[in-house]
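Please open the structure in a viewer and keep the selection tool at hand. The stops below may be followed in order.

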Amino acid sequence: MATGLTTKKLFLFGGVFLLFLVDLIAKYYFRTNPDISISIVGSAITLRLFVNDLIAFSIPYAWSKMLTVGTIFIVGGLLVWWYKDYTHTRKVLFPLYLIISGALSNLMDRILLGSVTDYIHIAPISYFNIADLLIFAGVLLIIFPRRFHL
């Protein structure tokens, strides 16, 4: 069994990195243009700034500072797990990459700005960003590994 990166894996990792960059660019765009609102599907799905001091998908959380500290420890723990136990984490390498990429993007917002920049709004459900989707996808891949063949 090959242990190196295949073309498919390189494409997947490159795609996630591209989404990470798109997320950062979108956050910057909406922070510097706060009055912009882009309709995707009428008023049901729009792109616009939402300064989120809550957690993923705008779920309320009372202790924002604790969330930042907790996120640092969680991301740090994931990185240590990934590094120290690589042979056992190969099956979850890509999902961990998704989670870490999304978490780092949102963590940078929390540390530098005091809140997360969300810009995707699905009315009336919530606001979120690409980083939230990366985290969500990574968790799904870990919970349901047999459903997805990476």
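Select helix H5 and what surrounds it: the cover of its buried residues includes H1, H4, S3 and strand S4 (126-128). Here buried means under 20% relative accessible area, with a 1.4 Å probe and protein chains only. Helices (H or I, at least four residues) and strands (E, at least two) are DSSP runs, numbered from the N terminus. This is a predicted model, in which local features need pLDDT of at least 70, side-chain atom pairs count only at pLDDT 80 or more, and totals for chains, interfaces and linings use all residues. Residues are numbered from 1 along each chain as its sequence is written, and side-chain values use heavy atoms, with hydrogens and water left out.

Within H5, highlight Ile130, Ala131, Asp132, Leu134, Gly138 and Leu141, the buried residues of this helix. H5 has 14 residues, and its first and last C-alpha atoms lie 20 Å apart, close to the 20 Å expected at 1.5 Å a residue; the expected span is 1.5 Å times one less than the number of residues.

Next, add helix H1 (residues 7-32), which packs against H5 (residues 130-143) at an angle of about 150 degrees, with the axes 8 Å apart. Axes are lines fitted to C-alpha atoms, for helices over the stretch in contact, and angles run from 0 to 180 degrees between N-to-C directions. H1 and H5 are therefore roughly antiparallel, a term for angles over 145 degrees.

Which residues of H1 meet H5? They are Val16, Leu19, Phe20, Val22, Asp23 and Lys27, and their partners in H5 are Ile130, Ala131 and Leu134. Contact means heavy atoms within 4.5 Å. Seven residues of this contact are nonpolar, none is polar and two are charged. Ala, Val, Leu, Ile, Met, Phe, Trp, Tyr, Cys and Pro count as nonpolar, Asp, Glu, Lys and Arg as charged, and the others, Gly among them, as polar.

Remain on H1 and colour its buried residues: Phe13, Val16, Phe20, Asp23, Ala26, Lys27 and Phe30. These pack against strand S1 (37-41), strand S2 (45-52), H4, strand S3 (116-122) and H5.

Proceed to H4 (residues 93-113), whose end C-alpha atoms are 30 Å apart, in agreement with the 30 Å that its 21 residues should span. H4 is mostly covered, with 16 of its 21 residues buried. Just after H4, select Gly114, which takes a positive phi of about 85 degrees.

Finally, display the whole protein, which comprises five helices and four strands. From the N terminus on, the elements follow the order α-β-β-α-α-α-β-β-α. Of its 150 residues, 33% count as buried.

Technical notes. Buried < 20%, exposed > 50% of the residue type's maximum accessible area, 1.4 Å probe, protein only. Parallel < 35°, antiparallel > 145°, perpendicular 65-115°, else oblique.
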